[in-house]
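Colleague: Please take a close look at one part of this model for me. I would like the charged side-chain pairs first, then the sheet.

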Amino acid sequence: MTRVVLAPDSFKGTITAADAAAALAEGWASVDPAAEFVHRPMADGGEGTVAAFAAAVPGARRIPVSVDGPAGSRIDTAWLLLPPTADAPSGSAVVDLGSTSGIELLAELRPWDADTTGLGQAMAAALDHGVSRLVIGIGSSASTDGGTGMLAALGARFLDAAGAPVARGARGLADIASVDLTELRAAPEVRVLTDVTNPLTGPRGAAAVFGPQKGLRAAEDIALVDAGLGRLAQLLDVDPAGPGNGAAGGTGAALRMWGGVLAPGAAEVAELIGLPEAIALADVVVTGEGSYDGQSGDGKVPSYLAGLAAEAGARAMLAAGRITADADTALFSASASLTDLAGSADAALAEPARWLRDAGAVLARAAS
């Protein structure tokens, strides 16, 4: 009997990690009905982080919350309550930026006005519940507000030269003359999950590298936001060059100021959901993501999972929406591209579960 650990990331915007794992299992079982499956859907701090914990942690409970989304309107979402443990006697809360302030929540980009208020409101709701620890995934950000929306929702005030609150989002950064942290809520233990190591400012900073993805495309606009982030770093007394401070449009810096510890998302999620223990008993580990490319080896879920599998003596296999020519597939004993199986990217995107089932069957045959 083959023991198969299924640990894909979400296929962004098309299928969740949990549903991807289920489809892979169905396809594999069509070839190898005696296989035993262990589902450990993964995330790296971005989209699907709450879902990954919900699927892997017994007794986890979604707590509904309504927040101000990045489009400027209220949205209904949830944070996840994990059961008490010895090091978190009142339980832990998992909150992800993707489901509260994420770019997937926008019908159109709002580079100046989207912000992280929703993330902060969900965190505040978890604090009101009395949790001992916050686990915060900060991938998939819609904004470059330096985390000001999040901190404001937790009690901070960002004021202009006249002492009035500045506008939300990147629009208000240039006007911040002072920061009032007297009412900022105290932080519990805070673990911040991110796969980004960029600094807050400069040519590799939040505005320059990630701003264009969020709609900041003119050089003068990027320079204006970069300068605003630099001023914010001075006022918050954080190092703008600190690794990870540029994550999520500067939210990494804001969380670090609040007492958060930034950590590689894939490794932290894996540890918290017990993935290394599951892989230690596995024959095969199947992972995947929407696009496996030349950057997927830099701390992303598939490369990290391949490393864990190698350490455990298990075979690592990959299913991805597409596998680009510059991707390093040598980490895997077999791989399957949904685009190749479906005949086109559009066909794969239209029916990801169908083609993931086919990919599961392909990988099962390769394992036999």
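Modeller: A search of the whole structure, which is a predicted model, finds 11 salt bridges. Let us walk through some of them.

Start with Glu36 and Arg3. Their side chains meet in a salt bridge, with 2.7 Å from N to O. This pair links distant parts of the chain. Glu36 sits in strand β2, residues 36-39, and Arg3 sits in strand β1, residues 3-6. The two residues are 33 residues apart. Is Glu36 buried or exposed? Neither label fits: Glu36 is partly exposed, because its relative accessible area is 29%, and buried would need under 20%.

Next come Asp113 and Arg171. They form a salt bridge too, and the closest N and O atoms are 2.7 Å apart. Again the pair links distant parts of the chain, 58 residues apart. This time both partners lie in loops. Asp113 is in the loop between α3 (98-101) and α4 (117-129). Arg171 is in the loop between β7 (157-159) and β8 (178-180). Asp113 has a relative accessible area of 30%, so Asp113 is partly exposed. Arg171 counts as partly exposed as well, at 43%.

Now take Arg354 and Glu351. In this salt bridge the closest N and O atoms are 3.1 Å apart. Arg354 has 39% relative accessibility, so it counts as partly exposed. Glu351 is at 38%, and it also counts as partly exposed. Some salt bridges share partners: they join Asp68, Arg74, Asp115 and Arg168 into one network.

Now the sheet. It is an open sheet of 6 strands with mixed pairing. Read across, the order is β3-β4-β5-β6-β9-β10. Which strands form the edges? They are β3 (61-68) and β10 (261-264), and each pairs on one side only. Neighbouring strands are turned by 30° against each other on average, direction ignored.

Look inside the sheet at β6, residues 133-137, and β9, residues 189-194. They pair in the parallel sense over 5 bridges. In this pairing, Gly137 stands opposite Leu193 in β9.

Helices pack on the sheet as well. Helix α2, residues 49-56, touches β3, β4 (74-82), β5 (92-96), β6 and β9. The direction of α2 makes about 140° with that of β5. Helix α4 packs on the sheet too, touching β3, β4, β5 and β6. The direction of α4 makes about 135° with that of β3.

Notes:
Residues numbered from 1 in each chain as written. Predicted model: local features only at pLDDT ≥ 70, side-chain atom pairs only at ≥ 80, totals over all residues. Heavy atoms only, no water. Salt bridge = Lys/Arg side-chain N within 4 Å of Asp/Glu carboxyl O. Helix = DSSP H or I, 4+ residues; strand = E, 2+ residues; numbered from the N terminus. Buried < 20%, exposed > 50% of the residue type's maximum accessible area, 1.4 Å probe, protein only. Pairing = 2+ DSSP bridges. Axes fitted to C-alpha atoms, helices over the stretch in contact; angles between N-to-C directions. Contact = heavy atoms within 4.5 Å.
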